[in-house]
Amino acid sequence: MVKLLQRLLAWFWALFRPKPPLPSVLPKQTRSLVPLLIYPKGIEQEPVGEEVRVGEARYFLSWPVELPQEQVEAAIDPAKLWLDDVLGAELPWAPLERLDSKFTLSQWRSSGIEMLKREVEDRSMPQSRDQVYLAFVRGMGGYAGGTGYQEFRAGYAMVGDVCLEAICGLPEPNAASVLLGEAWSDTSRSAQGQKAAFIHETLHGLDLPHPDGWPADEQPAWGETIMGYWWNMPNFLGTAGLTEREVQRALRWLG
Ligand SMILES: [Zn+2]
């Protein structure tokens with residue numbers, strides 16, 4: 001009888017004893033740079049090979065509209081290497097992600113960088129200062145911009161087709177050759193120059209401003225940083241492309 005009671009008690013104990021908490025199933029938040037290749041809805045019906053004006057802005061879409069993903073990935077690899085080298089740290093890149101947007105090209109063109117924010121929100125993609133999204137948006141031509149890279153907010157940058165086409169080796173005319181035109185130096189339109197534009201946008205995501213975004217007594221010269229005259233790459237005045245102060249600020253993002 002006592003034995004039976006003991007067994008019953010042991011059984012009850014096994015069933016109702018306080019249990020250690022389950023290990024958390026939530027993935028640990030990690031920082032990442034996420035390159036996106038975005039195709040606006042209906043892009044295949046857009047005119048290719050001609051300049052399109054929307055208000056003040058000019059756009060140019062070359063062909064093929066659909067770019068091999070591996071080609072885009074391979075094109076941005078040299079930018080990643082440059083960054084690792086100059087920062088002296090390996091940046092946490094996510095693989096290139098292809099997104100078929102539900103927003104049309106005209107919506108993209110009227111909202112610019114804000115549309116990227118909407119796209120990320122719409123897909124419930126993580127949004128914090130831990131994520132930096134870098135979008136190549138087909139049909140967005142020369143648009144290059146970064147926003148929301150202030151502290152505690154996700155960074156967004158859009159590099160548009162100018163960058164994409166040039167670094168993927170699309171023959172001229174491409175967006176870079178048409179939209180940047182004569183007014184810009186030859187290097188700005190080259191694959192090398194466009195690699196620099198991509199790096200510039202990436203660094204905005206890591207909280208780096210243009211030289212005039214620094215306090216007056218800390219401003220780098222425009223010629224010594226990729227955050228200034230990026231098209232001077234690789235010839236920056238006495239630096240590898242970033243001043244020491246900029247390197248330190250970018251490394252802060254890595255934690
Ligand atoms: Zn900039």
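**View 1. S124 is exposed, with 7 C-beta neighbours inside 10 Å.** Exposed means 12 or fewer other C-beta atoms within 10 Å of the residue's own, buried means 20 or more, and partly exposed lies in between, with C-beta atoms placed from the backbone. S124 is not a glycine, yet its phi is positive, about 50°. The residue sits in the loop between helix 4 (113-122) and strand 5 (131-137). Helices (H or I, at least four residues) and strands (E, at least two) are DSSP runs, numbered from the N terminus. Most residues other than glycine have a negative phi. The model shown is predicted: local features need pLDDT of at least 70, side-chain atom pairs count only at pLDDT 80 or more, and totals for chains, interfaces and linings use all residues. Residue numbers start from 1 along each chain as its sequence is written.

**View 2. D207 combines a positive phi with a buried position.** Phi of D207 is near 80°, and the residue is not a glycine. D207 comes just after helix 8. Its loop runs between helix 8 (191-205) and helix 9 (244-254). Around D207, 20 other C-beta atoms lie within 10 Å, so the residue counts as buried.

**View 3. Two cis peptide bonds precede prolines P64 and P173.** One joins W63 to P64, with omega near 0°. P64 is in the loop between strand 3 (57-60) and helix 2 (69-87). The other joins E172 to P173, again with omega near 0°. P173 belongs to the loop between helix 5 (160-167) and helix 6 (175-180). Most peptide bonds are trans.

**View 4. Helix 8 is mostly covered.** Of its 15 residues, 13 are buried. The end C-alpha atoms of helix 8 are 21 Å apart, which agrees with the 21 Å expected for 15 residues at 1.5 Å a residue. That expected span is 1.5 Å times one less than the number of residues.

**View 5. Helix 5 packs on helix 8 at about 135°.** Their axes are 8 Å apart. Axes are lines fitted to C-alpha atoms, for helices over the stretch in contact, and angles run from 0 to 180 degrees between N-to-C directions. The angle makes helix 5 oblique to helix 8. Oblique covers what is left after roughly parallel (under 35 degrees), roughly antiparallel (over 145) and roughly perpendicular (65 to 115). The crossing of helix 5 and helix 8 is left-handed, meaning that the near helix is turned anticlockwise from the far one by less than a right angle; clockwise would be right-handed. V162, C163, A166 and I167 of helix 5 meet A191, Q194, K195, A197 and F198 of helix 8. By class, this contact of helix 5 with helix 8 has seven nonpolar, one polar and one charged residues. Nonpolar covers Ala, Val, Leu, Ile, Met, Phe, Trp, Tyr, Cys and Pro; charged covers Asp, Glu, Lys and Arg; polar covers the others, Gly among them. Contact requires C-beta atoms, placed from the backbone, within 7 Å.

**View 6. Helix 2 packs on helix 8 at about 55°.** Here the axes are 9 Å apart. Helix 2 and helix 8 are therefore oblique to each other. Their crossing is right-handed. I76, P78, A79, W82 and L83 of helix 2 meet K195, F198, I199 and T202 of helix 8. The contact of helix 2 with helix 8 has seven nonpolar, one polar and one charged residues by class.

Methods: Contact = placed C-beta atoms within 7 Å.
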